[in-house]
Amino acid sequence: MTETNRISARNVKVFYGEKQAINDVSIDIASEHVTAFIGPSGCGKSTFLRVLNRMNDTIPGCRVTGEIKLDGQDIYGPDMDVVQLRARVGMVFQKPNPFPKSIYENVAYGPRIHGLANGKTEMDAIVEKSLRRAGLWDEVKDRLTDAGTALSGGQQQRLCIARAIAVSPEVILMDEPCSALDPIATARIEELIDDLKGRYAIVIVTHSMQQAARVSQRTAFFHLGTMVEYGPTEQIFTNPREVRTKDYITGRYG
Ligand SMILES: Nc1ncnc2c1ncn2[C@@H]1O[C@H](COP(=O)(O)OP(=O)(O)OP(=O)(O)O)[C@@H](O)[C@H]1O
Ligand SMILES: [Mg+2]
């Protein structure tokens with residue numbers, strides 16, 4: 001089986017001022033896979049996720065060392081255009097955060113600023129395709145001009161996924177994307193993640209071990225700012241090599 005690594009991170013350290021949040025993490029993120037980041041609260045999962053598309057640039061005092069490459073290109077290098085980077089490495093947050101605009105405009109916004117559509121017909125096609133891929137089209141096709149914020153929580157999260165997809169990303173980062181959703185909406189997002197993994201590399205942070213086991217093929221266990229163990233999800237959950245991983249997955253500490 002051949003596979004391509006989209007992201008390669010080496011010896012990454014992240015500091016907030018004097019405080020170190022990530023210590024020496026190296027990881028490869030494969031395309032066409034879902035990679036889950038698990039670990040107790042405060043261990044650095046969100047921090048590490050954010051450095052993968054330089055979302056941390058917006059946090060004063062946050063400093064990153066080491067190397068992170070996207071398709072071989074250093075994302076912290078002088079030639080990297082951060083706006084382009086965030087289109088290539090999209091992000092979906094814990095709390096659905098549609099723009100205060102229509103459903104249509106939420107999806108069209110990115111393609112418009114990146115100049116991806118030549119005229120309205122092309123833009124309509126991108127909006128429809130993105131909403132279809134996000135499993136939302138049938139529910140919203142007759143109300144595209146309604147506010148994105150008028151949708152249910154689960155629909156809003158799928159709208160945010162459609163917005164990320166609309167600019168043809170290579171990687172989609174999801175930070176606890178279901179934690180604000182009920183079980184039915186969660187199941188829909190999990191199905192969607194499964195459908196999307198053939199096209200994008202997906203990284204999902206989750207506190208739900210069941211969710212990690214259901215949706216991911218790779219799991220990385222973080223603890224106190226380090227990545228303790230990384231491997232096939234099945235192995236991590238059934239036969240972890242590290243005692244700390246075993247203790248966590250068996251619920252000995254959280
Ligand atoms: N903006 C920030 N400024 C300063 N310190 C921060 C900031 N964000 C996170 N930290 C610190 O960095 C460490 C890692 O936090 P992070 O949010 O990455 O953990 P997490 O694993 O995502 O936790 P949770 O599961 O609760 O979301 C924590 O000690 C946290 O207090
Ligand atoms: Mg977090």
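**A walk from helix H6 outward**

In this predicted model, the buried residues of helix H6 pack against six elements: strand E6 (89–92), helix H3 (103–113), helix H4 (120–133), helix H5 (137–140), strand E7 (171–175) and helix H7 (183–196). Helix H6 itself covers residues 153–165, which makes 13 residues. From its first C-alpha to its last it reaches 18 Å, close to the 18 Å expected at 1.5 Å a residue. Twelve of those 13 residues are buried, so H6 is largely enclosed by the rest of the structure. The buried residues are Gly154, Gln155, Gln156, Gln157, Arg158, Leu159, Cys160, Ile161, Ala162, Arg163, Ala164 and Ile165.

Two of the helices around H6 can be looked at through single residues. Ile189 is found in helix H7. It has 23 C-beta neighbours inside 10 Å, and because 20 or more are needed for a residue to be called buried, Ile189 counts as buried. Leaving aside its neighbours within four places in sequence, Ile189 is in contact with Gln157, Pro177, Cys178 and Leu181. Of these, Gln157 is one of the buried residues of H6. Ile189 also shows how the chain brings distant positions together: Ala134 is 55 residues away from it in sequence, while the two C-alpha atoms are 8.7 Å apart in space.

The other example is Glu139, which lies in helix H5. Is Glu139 buried or partly exposed? With 16 C-beta neighbours inside 10 Å, it counts as partly exposed. Glu139 and Gln155 are 16 residues apart in sequence, and their C-alpha atoms are 8.6 Å apart in space. Gln155 is among the buried residues of H6.

Beyond H6 the chain passes through a loop to E7, and Ser168 lies in that loop. Most residues other than glycine have a negative phi. Ser168 has a positive phi of about 50° although it is not a glycine. With 17 C-beta neighbours inside 10 Å, Ser168 counts as partly exposed.

The next part to follow is strand E9, residues 218–223. Five of its six residues are buried, so E9 is largely enclosed by the rest of the structure. Which strands pair with E9, and in which sense? Strand E3 (residues 34–38) is joined to E9 by four bridges, and these two strands run parallel. In this pairing Thr35 stands opposite Arg218. Strand E10 (residues 226–232) pairs with E9 in the antiparallel sense, over six bridges. Here Thr219 of E9 stands opposite Gly231 in E10.

E9 and E10 form a hairpin with two residues between them. Leu224 lies in the loop between these strands. Its phi is near 50°, a positive value in a residue other than glycine. Leu224 has 13 C-beta neighbours inside 10 Å and so counts as partly exposed.

An open sheet of four strands is found elsewhere, in the order E2-E1-E4-E5, with antiparallel pairing. Strand E2 (19–30) and strand E5 (73–74) stand at the edges, each with a single partner strand, so one side of each is left without a neighbour in the sheet. Inside this order, strand E1 (residues 5–16) pairs with strand E4 (residues 62–70) over eight bridges, in the antiparallel sense. One residue pair in this match is Val14 opposite Val64. In a regular strand the side chains alternate between the two faces of the sheet.

The model also holds a ligand. Which residues are around ligand 1? They are Tyr16, Ala21, Gly39, Ser41, Gly42, Cys43, Gly44, Lys45, Ser46, Thr47 and Ile59. By class, this shell has four nonpolar, six polar and one charged residues. Helix H1 (residues 45–51) gives the most to the shell, with three residues.

Finally, a record can be set beside the model. An unreviewed UniProt entry places the feature "domain: ABC transporter" at residues 7–249. In the model, the end C-alpha atoms of that span lie 26 Å apart. The span is 37% helix and 27% strand.

How values were computed:
Residues numbered from 1 in each chain as written. Chains lettered and ligands numbered in written order. Predicted model: local features only at pLDDT ≥ 70, side-chain atom pairs only at ≥ 80, totals over all residues. Near = placed C-beta within 6 Å. Nonpolar A, V, L, I, M, F, W, Y, C, P; charged D, E, K, R; others polar. Expected span 1.5 Å × (residues − 1). Contact = placed C-beta atoms within 7 Å. UniProt positions renumbered as here; feature names shortened; annotations may be inferred. Pairing = 2+ DSSP bridges.
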